[in-house]
Amino acid sequence: MSRSQAQTLAHPGRRYGLLILLGAIAGASFLFALITGSVGLDWQAVWGGGDVQQRLILELRLARAINAFACGGLLALAGALLQVLLRNPLADPYILGVSGGASVGALLALLLGLGGVWMTGSAFAGAMLSIFLVFALAHGGGGSWTPTRLLLTGVVIAAGWGALISFILVISPDTHLRGMLFWLMGDLSQGSASLAGVGVLTAGLVLALPIARDLNVLVRGDMRASALGVPLSRLRLQIYVISALLTATAVTFAGNVGFVGLIVPHFMRLLGAHDHRILLPACVLAGGSLVIIADTLARTLLAPQQLPVGIVTALIGVPVFLYLLHRNSAR
Amino acid sequence: MTLLEARGLHIAIGGKTVCEDLHLKIEAGQTWGILGQNGIGKTTLLLTLAGLRPPGRGEVLIEGRPLSRLHSRETARRIGVVLQDNRELFPSSVLETALIGRHPYLKRWQWEDQADLDKARAALRVMELEDMAQREVGTLSGGEHQRLQIATLLTQAPALSLLDEPINHLDLRHQIHTLETLRRLCSGPGHALVMVLHDVNLAARYCDRLLLVCGDGVVRVGHRDEVLTLDNLNALYGYPLRQVELEGRRFFLPE
């Protein structure tokens with residue numbers, strides 16, 4: 001792998017090898033999601049054959065797979081960005097309280113018996129409130145905006161949301177609890193494909209790629225980045241806004257799908273994607289594929305019982321990641 | 001040619017004055033050493049000269065233009081900085097790390113090309129890191145990492161190099177090798193070198209100009225032969241030194 005890195009830099013054509021591989025995996029995971037389920041579909045149905053019932057099932061599964069891909073891509077991209085912003089390998093998209101705000105919004109809607117658009121809107125409003133709170137408080141008092149200050153503010157706000165979530169769960173009637181817990185653990189069972197997720201993911205990638213080489217410098221420290229001509233405060237603001245919107249969108253329509261945003265970026269780095277111009281798109285493809293596979297397993301493993309997707313992402317991700325970590329340290 | 005000029009610089013940090021009304025001209029071909037006690041403000045002074053920290057009063061000019069009016073990328077093509085101890089938190093290869101020195105020269109969508117790669121490899125060769133080009137930076141020793149930082153500076157190839165304790169963590173051979181390399185590559189025609197050092201004798205050997213940061217805003221600036229006196233050094237470190245002559249060179253030893 002190390003020799004291929006040098007070649008990656010020297011030969012433009014080989015740079016994208018990992019991305020092509022991940023693209024193929026993403027395609028395969030879409031196919032896996034389409035043909036797997038309680039009603040077996042064969043390849044013919046996927047390529048446009050089959051009867052009306054088969055096509056309906058296909059549409060439902062495709063919508064769900066698109067949502068799963070968007071959710072995984074959003075979280076993995078946000079995680080990669082936040083790890084650079086906070087210069088903390090343990091940062092994940094939820095660390096700054098965005099998901100806490102969204103959860104409180106969603107649970108309040110569920111408590112009031114509202115669903116659908118109301119719940120989505122309420123979750124998004126909660127996420128945005130959290131983004132502004134953390135941003136304003138980390139900036140407050142005219143003090144400078146250091147990664148540590150931002151991290152501490154975010155963690156404290158997240159803890160506050162955590163208390164509110166517990167409070168809502170305690171006062172909620174039993175009939176609502178199951179739905180709330182499912183939402184909190186990540187739920188992709190909403191029917192139709194959400195274009196918002198794919199749209200925000202695309203926009204996020206388009207906005208993040210132009211600053212990707214700046215990120216290569218920023219991971220090595222604020223002062224070093226400044227010394228190499230990176231406009232620090234503008235770059236930090238860009239990363240914060242992009243990653244916050246990505247996270248808010250993911251949480252709004254899929255709840256808290258843990259693990260993806262923390263582990264996928266590290267997973268890609270272990271595969272040799274140190275350069276953010278490769279790492280960011282790699283995270284989108286790998287995160288999306290992971291959640292598609294996890295979600296497909298979540299709806300089939302114990303069918304007709306559906307598992308929250310967050311459980312499966314962790315069950316797949318933990319052993320794979322530990323294996324890679326072990327292999328790399330042994331080398 | 002004047003690469004950097006400080007006009008009436010006033011710097012304070014943590015309630016302490018580092019310098020007051022400091023005037024300074026760094027010309028091409030010069031090598032400057034900054035000496036002083038721990039915590040006296042040497043790094044702060046270096047960062048201010050590099051434009052990474054605003055001065056309380058006064059201004060810094062780069063090739064005659066105020067630093068505050070230069071775009072940060074333009075500044076980065078003229079001034080290179082090596083900071084103290086900056087370990088990597090995320091994985092990266094030695095070669096990839098050296099290549100970030102090319103960052104200020106590349107356009108937004110431009111990738112490093114063969115010429116950039118050659119520059120980085122040449123810098124690694126000079127710093128004796130060539131065999132480690134593919135090593136993960138997290139596995140480097142302190143001294144190897146310090147040499148990598150200098151290789152990154154050589155890849156950046158600025159006109160003015162500012163280094164904060166560049167021979168930290170280095171063994172004796174690498175100390176001399178690094179200082180020789182810096183003097184050869186970073187203070188030739190069109191280039192100048194500024195280093196924060198703790199070793200008075202190495203400063204005397206490699207720097208022709210010195211800047212003694214004495215505290216309370218007192219800074220002594222001048223040619224090595226004027227500034228490096230026993231009285232000045234005793235006062236600078238608050239510790240008595242002795243001067244000995246050996247083969248026509250002066251050495252300072254602590255009592």
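Student: Across which strands of chain B does helix H1 of chain B lie, and at about what angle does the helix run to E1(B)?

Tutor: Before reading any angle, keep in mind that this is a predicted model. Helix H1 of chain B, made of residues 42-49, lies across E1, E2 and E4 of chain B, and its direction is at about 135° to that of E1(B).

Student: In what order do the four strands of that open sheet stand, and is the pairing parallel or antiparallel?

Tutor: In a regular strand, side chains point alternately to one face of the sheet and to the other. In chain B the order across this open sheet is E2-E1-E4-E5, with antiparallel pairing. Its edges are strand E2 (16-27) and strand E5 (65-66) of chain B, each of which pairs on one side only.

Student: How many bridges hold E1(B) and E2(B) in their pairing, and which residue is the bridge partner of B:Leu9?

Tutor: E1(B) and E2(B) pair over eight bridges in the antiparallel sense, and B:Leu9 has B:Leu22 in E2(B) as its bridge partner. The hairpin of these two strands has two residues between them, and there B:Gly14 takes a positive phi near 55°.

Student: Which residues of strand E4 of chain B are matched with B:Arg7 and B:Ala6?

Tutor: B:Arg7 stands opposite B:Glu59 in E4(B), while B:Ala6 has B:Val60 of that strand as its bridge partner. Strand E1 (residues 2-13) and strand E4 (residues 57-62) of chain B are joined by five bridges and run antiparallel.

Student: What is the order of strands in the six-stranded open sheet of chain B?

Tutor: The order is E6-E7-E8-E3-E9-E10, and here the pairing is mixed. Strand E6 (79-82) and strand E10 (218-223) of chain B are the edge strands, each pairing on one side only, and from one strand to the next the twist averages 15°.

Student: Do E7 and E8 of chain B run parallel or antiparallel, and how many bridges join them?

Tutor: Strand E7 (residues 160-164) and strand E8 (residues 192-196) of chain B run parallel and are joined by five bridges; within this pair, B:Leu162 stands opposite B:Val194 in E8(B).

Student: Which strands does helix H5 of chain B touch where it packs on the sheet?

Tutor: Helix H5 (residues 142-156) of chain B touches E6 and E7 of chain B, and its direction makes about 175° with that of E6(B). Helix H9 (residues 230-237) of chain B also packs on the sheet, touching strand E3 (31-36), strand E9 (209-215) and E10 of chain B, with its direction at about 45° to that of E9(B).

Student: How many helices and strands does chain B have?

Tutor: Chain B has nine helices and 12 strands. Its radius of gyration is 18 Å, close to the 18 Å that the globule rule gives for 255 residues, so chain B is as compact as a globular protein of that length. Its C-alpha trace spans about 55 × 45 × 35 Å along the principal axes, and 43% of its 255 residues count as buried. Among contacts in chain B between residues at least 6 apart in sequence, 64% join residues at least 24 apart.

Student: Which residues have the most contacts inside the largest nonpolar core?

Tutor: In soluble globular proteins, nonpolar side chains tend to be buried together. The largest nonpolar core here has 171 residues, and A:Leu77 and A:Cys283 are those with the most contacts inside it. Helix H5 (residues 52-85) of chain A gives the most to this core, with 16 residues. Leaving aside neighbours within four places in sequence, A:Cys283 is in contact with residues including A:Ala76, A:Leu77 and A:Ala80.

Student: Why does A:Gln54 count as partly exposed?

Tutor: A:Gln54 counts as partly exposed because it has 17 C-beta neighbours inside 10 Å, a number that falls below the 20 needed for a buried residue and above the 12 that is the limit for an exposed one. A:Gln54 is found in helix H5 of chain A.

Student: How many residues of chain A are in contact with chain B?

Tutor: The size of an interface is often given as the accessible area lost when the parts come together, but here we can count residues. 26 residues of chain A are in contact with 28 residues of chain B. H1(A) gives the most to the side of chain A that touches chain B, with six residues, and the residues of that side divide into 12 nonpolar, seven polar and seven charged.

How values were computed:
Residues are numbered from 1 along each chain as its sequence is written. Chains are lettered from A and ligands numbered from 1 in the order in which they are written. This is a predicted model: local features need pLDDT of at least 70, side-chain atom pairs count only at pLDDT 80 or more; totals for chains, interfaces and linings use all residues. Two strands pair if DSSP finds at least two bridges between them. Two residues are in contact if their C-beta atoms, placed from the backbone, lie within 7 Å. Axes are lines fitted to C-alpha atoms, for helices over the stretch in contact, and angles run from 0 to 180 degrees between N-to-C directions. Ala, Val, Leu, Ile, Met, Phe, Trp, Tyr, Cys and Pro count as nonpolar, Asp, Glu, Lys and Arg as charged, and the others, Gly among them, as polar. The radius of gyration is taken over C-alpha atoms; the globule rule is 2.2 Å times the number of residues to the power 0.38. A nonpolar core is a set of buried Ala, Val, Leu, Ile, Met, Phe, Trp, Tyr and Cys residues joined through C-beta atoms within 7 Å.
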